[in-house]
Amino acid sequence: MSDRTPPSYGSYLRLDELLACQAPPDGAESRDLIHHDEMLFIVVHQVFELWFRQMLHDLSRARDILGQPDRPSDERRVDEAQIPRVTELLGRVNEILRLCHDQFTVLETMPSVHFLAFRDALLPASGFQSRQFREFEILTGMRDQDRVRDFGFDYDAMLGDAERVVLDERRSEMSLKAAVFAWLARTPVEVLFPGFPRAFLDAHRDYAATQEQLQARNPRLTEELRAAATARSTQHETALRSYLDPGGDDERRAHAAFLFIASYRQAPLLRWPYTLLEAVIEFEERLRLFRFRHARMVERMIGFRIGTGGSSGVEYLDRTALEYRVFGDLFVGRSFLVNPALLPDLPHPERLEFGFDSGLQRGAPTDGGDR
Ligand code: HEM
């Protein structure tokens with residue numbers, strides 16, 4: 001018999017510690033709330049930070065599964081049996097992002113003048129300093145050079161030494177984006193459909209031709225607009241060629257795999273890869289909506305004032321919502337997809353049935369299952 005004290009609800013959840021954290025520190029000491037609504041401001045931020053924590057936990061796991069070798073002999077090959085688990089984890093993160101998006105309405109019950117009653121006491125603290133949010137961005141694959149910089153100081157300079165160390169550790173890890181693209185690049189497209197890129201380019205050309213004919217019959221288009229539509233169609237084909245041959249070998253394979261999976265998603269062995277990619281696309285969309293929603297709440301709360309962290313405020317936040325992209329390649333790929341009626345038939349459909357060892361089916365689950 002163990003002599004350990006059985007946990008209670010409060011001890012298991014550490015509620016004494018958790019519920020002691022809603023008094024803001026003023027220097028080393030806790031101070032009283034300045035305004036009744038300051039409690040809401042603190043609780044809402046803490047709840048967000050807890051969700052950030054959960055998302056980091058789940059995204060790291062998804063990244064680990066996609067980035068791990070499944071059999072000792074196959075370096076960095078993913079056990080396909082684990083793809084549903086990655087999809088589950090991404091689905092959970094997407095649901096949390098939806099909740100975070102909707103949660104701003106609770107904060108909006110605070111009249112903006114109540115916020116002004118205690119806002120000055122926060123300075124220079126700001127969401128800029130959310131270490132977990134920066135970790136989250138880095139883990140997804142966001143690059144520092146892509147950040148908006150409309151203020152005169154460095155992002156990391158707003159953080160303490162210990163926080164910068166954590167971010168540097170994150171930077172040294174494989175990102176979710178790298179894991180997703182490495183996984184995509186391993187899809188044996190050339191085994192499943194020899195000569196797929198060329199066949200896809202042909203299908204795309206046929207599709208573009210039908211689009212041009214439709215535009216030509218559109219009575220609302222002027223000659224000028226019609227010429228512009230034709231020029232766009234030619235540019236589109238050039239863009240597809242570079243998408244299928246971007247320079248790097250892995251990128252080339254990943255892009256071809258994305259178009260292949262999205263085009264033939266109904267084949268049994270492509271269902272899970274397709275579902276996973278949809279979850280990644282949804283993730284990017286939800287993150288962008290989250291940024292946009294935060295900006296709308298800020299606009300409503302403080303108008304066009306500068307932020308406590310020193311940025312231009314809403315203008316800065318709107319630029320991040322519009323410009324930040326991690327999985328942009330997948331959205332670019334979307335614009336090349338064609339009407340399925342014009343797609344060539346799969347030359348070897350049996351290779352995408354359950355039971356065919358194409359290399360997409362990568363054996364029975366290993367003992368590295370989820371914990
Ligand atoms: C009255 C409520 C809020 C206002 C007025 C506000 C305002 C701002 C402003 C102006 C910025 C830009 C940086 C700056 O200059 O300070 C910012 C950044 C940020 N805020 Fe808020 N915020 C509020 C609530 C929240 C909440 C509830 C969260 C949830 C955790 C949050 C998370 C963030 C994050 C993560 C950033 C950094 C965004 C980035 O740099 O991409 N904010 N906030």
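Me: Which helices do the buried residues of H11 pack against?

Reply: In this predicted model, the buried residues of H11 pack against helix H10 (196-217), helix H12 (249-263) and helix H15 (328-334).

Me: Which residues of H11 are buried, and how should I read their spacing along the sequence?

Reply: The general idea is that an α-helix has 3.6 residues a turn, so residues three or four places apart point the same way. Here the buried residues of H11 are Arg226, Ala229, Ser233, Glu237, Leu240, Tyr243 and Leu244. They cover an arc of only 125° around the axis, which puts them on the same side of H11, while Glu223, Glu224 and Gln235 are exposed on the other side of the helix.

Me: What span should the 22 residues of helix H11 have?

Reply: At 1.5 Å a residue, helix H11 (residues 223-244) should span 32 Å, and its end C-alpha atoms are 32 Å apart, which agrees.

Me: How many residues surround the ligand, and which are the closest?

Reply: The ligand is surrounded by 27 residues, of which the closest are Ser126, Arg134, His294, Ser311 and Tyr316. A polar side-chain atom of Tyr316 lies 2.5 Å from an oxygen atom of the ligand, whereas Gly309 places a polar backbone atom 2.8 Å from a ligand oxygen.

Me: Where does Arg14 lie, and is Arg14 buried or exposed?

Reply: Arg14 is found in the loop between helix H1 (9-12) and helix H2 (15-19), and it has a positive phi of about 50° although it is not a glycine. Exposed means over 50% relative accessible area, so Arg14, at 54% relative accessibility, counts as exposed.

Note on methods
Residues are numbered from 1 along each chain as its sequence is written. This is a predicted model: local features need pLDDT of at least 70, side-chain atom pairs count only at pLDDT 80 or more; totals for chains, interfaces and linings use all residues. Side-chain values use heavy atoms; hydrogens and water are left out. Helices (H or I, at least four residues) and strands (E, at least two) are DSSP runs, numbered from the N terminus. The expected span of a helix is 1.5 Å times one less than its number of residues. Buried means under 20% relative accessible area, exposed over 50%, partly exposed in between (1.4 Å probe, protein chains only). The arc is that of the directions from the helix axis to the C-beta atoms. Contact means heavy atoms within 4.5 Å. A residue is near a molecule or strand if one of its heavy atoms lies within 4 Å of it. A polar contact is a pair of N or O atoms within 3.5 Å; within protein, one must be able to donate a hydrogen and the other to accept it, and residues adjacent in sequence count only if both atoms are side-chain atoms.
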